[in-house]
Amino acid sequence: MKKLFFSLVFLGLLFSCSSSQDRSDDSAIEECVVPLAMEMEASDEEVESIKDVAYDADINAQEIATDEAYVRKIERTINLTIKTDDVVKEKDIVEKFEKRCRGYAEYENYDGNRYDLTLRIPTEKVDVFMDSLASGTTGKITEKSESIIDLSSTYYDNVSRKKSKDAALDRYRELFKQAKNITEILQIQTQIDRIQEEADLAASRIKEIDNRVAYSTISITIRPRVEVEADEEGFFFRIWDGIKTGWAGLVGFVIILVNLWPLVIAVGVAVYFIIKRRKNKKQKTNKSQHQKRNTSSGIS
C-alpha cells in the first residue's frame, strides 16, 4: 500500500513537471523524485521502484509522441473582390463552383447591393476553384490577397502533449486497479480526471488545426461594376450620366409641381383676376376720355 501511495504521488509530480516542458529527461526525473522520496522517508528500494515507474512512463510517452511522420500543417486564407454587372447571377456562379469543389458556405450576407461570402474549400481543390473563378465568371477579379500560416509547431506540440497525457492515463489506470481503499481510489481518480481534461483539450486543438488545414478559407466580396465602368468609359459615360441626371432633375421638378397643384391653381386664378381687373379698369378709363373729347367737340 505504501508503494502504491508513493507511485501515485511521484507520478503526479512527474507529470506536473513534464507538462511545463512537454518532455522530462533523466535529470528532471531525479530532481522531481529523489528530494520528495527523501522527505517522505522512503526506502532505497522504494525510491528505485518509483524511479523505474517514472522512467518507463516518460520513455513510453516520448516514443509515442515521435512515432508519427512529420507533415507540415499549412493554413491558407484568400480574400477576393469581384466586380460584375449582375451581382446575384455572379453569386450563383460562385456557389456552383463551390459545390463542384465540395466546399461549403460558412457565412453569407446580401445588403441589396453586394454579396459578402466566406467559403471553406478543400485545400487540394483551392487552385481548381480559383481557376474556375478566373475563367468561368462574368465578373472581374479586381482585388486579391493571400496569407499562409504554418501551424506545424502548434500542431505537433499538442500531438506530443496528447500522447504524453494518454501514457500517464494508462499508468494511473494500472495504479487504480491496485488501490486498496477509498482514499487511494479518490486520489487516483482525481489525477485521472485532471489528466483526461488536459488530453481532451489537446485533442480539441489538434482537431481544430486539422480542419483549418484541410479546408482553406476564401472570403469573397461581389460588388456592382459601376466604378469600373466610369473609369473605362470616360467621356461618353460622363455625357450619358449627365443626361440621366438632367432627366432625373426634370422629373423631380414635375413631381414637385404635381404635389403643389392646389397652390399653382390658386396662384393662377389670382393672376387671372388681377389681369382682368386691370384690363377692365383700363377700358373704363379709355371710354371716359373718349366721351370727354366728344363733349368738347359739340360745344365748339
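Which residue in S3 does Asn-109 stand opposite? Select Asn-109 and look across: the partner is Asp-116.

Before going on: this is a predicted model, where local features need pLDDT of at least 70 and side-chain atom pairs count only at pLDDT 80 or more, while totals for chains, interfaces and linings use all residues. Residues are numbered from 1 along each chain as its sequence is written, and side-chain values use heavy atoms, with hydrogens and water left out.

Now widen the selection to S2 and S3 (115-122), which pair antiparallel over 6 bridges. Strands here are DSSP E runs of at least two residues, helices H or I runs of at least four, numbered from the N terminus; pairing takes at least two DSSP bridges.

Next, show the whole sheet: it is open and mixed, with 5 strands in the order S2-S3-S5-S1-S4. S2 (104-110) and S4 (140-150) are the edges, each pairing on one side only. Strand-to-strand twist averages 15°.

Add H7 (182-214), which packs on the sheet and touches S1 (74-84), S3 and S5 (215-224), running at about 50° to S5. Contact means heavy atoms within 4.5 Å; axes are lines fitted to C-alpha atoms, for helices over the stretch in contact, and angles run from 0 to 180 degrees between N-to-C directions.

Hop to Glu-98 in H4 (87-100). Glu-98 is buried (under 20% relative accessible area, 1.4 Å probe, protein chains only). Among its contacts more than four places away in sequence are Tyr-104, Leu-119 and Phe-129.

Last stop: Arg-102, in the loop between H4 and S2. Arg-102 has a positive phi of about 65° without being a glycine, and counts as exposed (over 50%) because its relative accessibility is 70%.

Conventions: Lys, Arg positive; Asp, Glu negative; His and termini not counted. Salt bridge = Lys/Arg side-chain N within 4 Å of Asp/Glu carboxyl O.
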